[in-house]
Amino acid sequence: MTTTKQDRIAIIGAGLMGHGIAQIFAVHGFQVSLLDVSEEFLAKAIENVRANLTLLAKNGIGKREDIEGAVARIKTTRDLREAVSGARFVVEAVAEQLELKQKLFQEMDEICSQDAILATNTSVISITEIAARAKGRKRIVGTHFWNPPYLIPLVEVVPGDDTSHETVDLTYDLLKSVGKHPVKVKKDVPGFVGNRLQHALWREAISIVDQGIADAATVDEVIRNSFGIRLPVLGPLETADMVGLDLTLQIHNYILKHIERSTEPAPILKQKVEKGELGFKTGRGFQEWDQESIQRSRSQLLEYLIKWNREHAKE
Ligand SMILES: NC(=O)c1ccc[n+]([C@@H]2O[C@H](COP(=O)([O-])OP(=O)(O)OC[C@H]3O[C@@H](n4cnc5c(N)ncnc54)[C@H](O)[C@@H]3O)[C@@H](O)[C@H]2O)c1
């Protein structure tokens, strides 16, 4: 079983992630159906795709003359049956709510063609739980993209307890064919691989601030100027092998008991949310933000990711 460019791709949810995932498939020549709850959200999603592609073309990724063709391959709809009609591969990217996703997968399983694969872009929820109410669970799989999905290469392909090998392999091959860097996760655990690692680091970072060991800017400065520089070429397990597992064991024997291991969010995080200190959204989070610093932060990230993609496209 393989997918071809004649196969339709359906994306359910046209928000931050959904519009970017639709863009990936459209750029690679697939016909895409994009569904959301209002015409306004759908129009915004198409506008975002056009703006993303224009920015990329301006920076030497893709051609200006291909933009409208890619945009035209995305057909928008508010009707689920219409969205998934003829779709061979469906990616769900609605809000991160278990109940909503369970209901959607039950419904999609009933109306999608028998050979369609149904993927969820959940960040952390177990694929088995999301698939729980559907009958055709062997075709339900996790595809965890990262934001922005058209600039971050990785997609974690996660099988639920009942997902078939065929579903995983086909999903992996399809993602590779559209330029992504898929990896196969062996077991369905909350957070998969990437977000378990990311949030282990965030838990410790927040705890360090909560305990008054360093302020938030210093924590980020430490990471960006130390192991953060190494990470793109040297992951933690290769680093462990490099420094030696004997030294790693000695360090862990001493340090692990001092590292944060709470199963609850940090008090400082709860307090800030209660006070409405939400970060960029409200101008204050772990640090103070004005429009200029917010814009600078967003632009720095985008420029860095575009440069990274340009350099890697040449390889
Ligand atoms: N934002 C990220 O960085 C990120 C990264 C990886 C994965 N994810 C996951 O991707 C999913 C989507 O996240 P997002 O950031 O794009 O959210 P978002 O809020 O930007 O977009 C979600 C969209 O789904 C739509 N929607 C809600 N209910 C719907 C329904 N019943 N049918 C159709 N559309 C519906 C909303 O109108 C909205 O446009 C979540 O599961 C999230 O955890 C997010």
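## A first look at the chain

Of the 315 residues in this chain, 28% count as buried. Keep in mind as you explore that this is a predicted model. The chain holds 14 helices and eight strands.

How does the radius of gyration of the chain fit that of a compact globule? A compact globule with 315 residues would have a radius of gyration near 20 Å, and the chain has 21 Å, so the two agree. Along the principal axes, the C-alpha atoms fill a box of roughly 55 × 45 × 45 Å. Contacts tell us about the fold as well: among those with a separation of 6 or more, 65% are between residues 24 or more positions apart.

### Strand β1 and its partners

Let us now zoom in on strand β1, which covers residues 8-12. Is this strand mostly covered or mostly open? Mostly covered: five of its five residues are buried. R8, A10 and I12 point one way from β1, while I9 and I11 point the other way. This fits a general pattern. In a regular strand, side chains alternate between the two faces of the sheet. In β1, the residues pointing either way are all buried.

Which strands pair with β1? Strand β2 and strand β4 are both partners, as the table shows.

| Partner of β1 | Residues | Direction | Bridges | One bridge pair |
|---|---|---|---|---|
| β2 | 31-35 | parallel | five | I12 with L35 |
| β4 | 87-92 | parallel | five | R8 with A87 |

So where does the chain go between β1 and β2? The path leaves β1, passes through helix α1 (residues 16-27) and arrives at β2. This β-α-β crossover is right-handed.

### A closer look at K272

Our last stop is K272, a residue of helix α13, which spans residues 267-274. Is K272 buried, exposed or partly exposed? K272 has 18 other C-beta atoms within 10 Å. A buried residue would need 20 or more, and an exposed one would have 12 or fewer. K272 therefore counts as partly exposed, because 18 falls in between.

Which residues does K272 touch beyond its neighbours within four places in sequence? With those neighbours left aside, K272 is in contact with E277 and G285. You can also look for F286 in the structure: K272 and F286 are 14 residues apart along the chain, and their C-alpha atoms are separated by 8.3 Å.

Key:
Residues are numbered from 1 along each chain as its sequence is written. This is a predicted model: local features need pLDDT of at least 70, side-chain atom pairs count only at pLDDT 80 or more; totals for chains, interfaces and linings use all residues. Helices (H or I, at least four residues) and strands (E, at least two) are DSSP runs, numbered from the N terminus. Two residues are in contact if their C-beta atoms, placed from the backbone, lie within 7 Å. Two strands pair if DSSP finds at least two bridges between them. A crossover is right-handed if, with the strands pointing away from the viewer, the path from the first strand over the helix to the second runs clockwise. The radius of gyration is taken over C-alpha atoms; the globule rule is 2.2 Å times the number of residues to the power 0.38.
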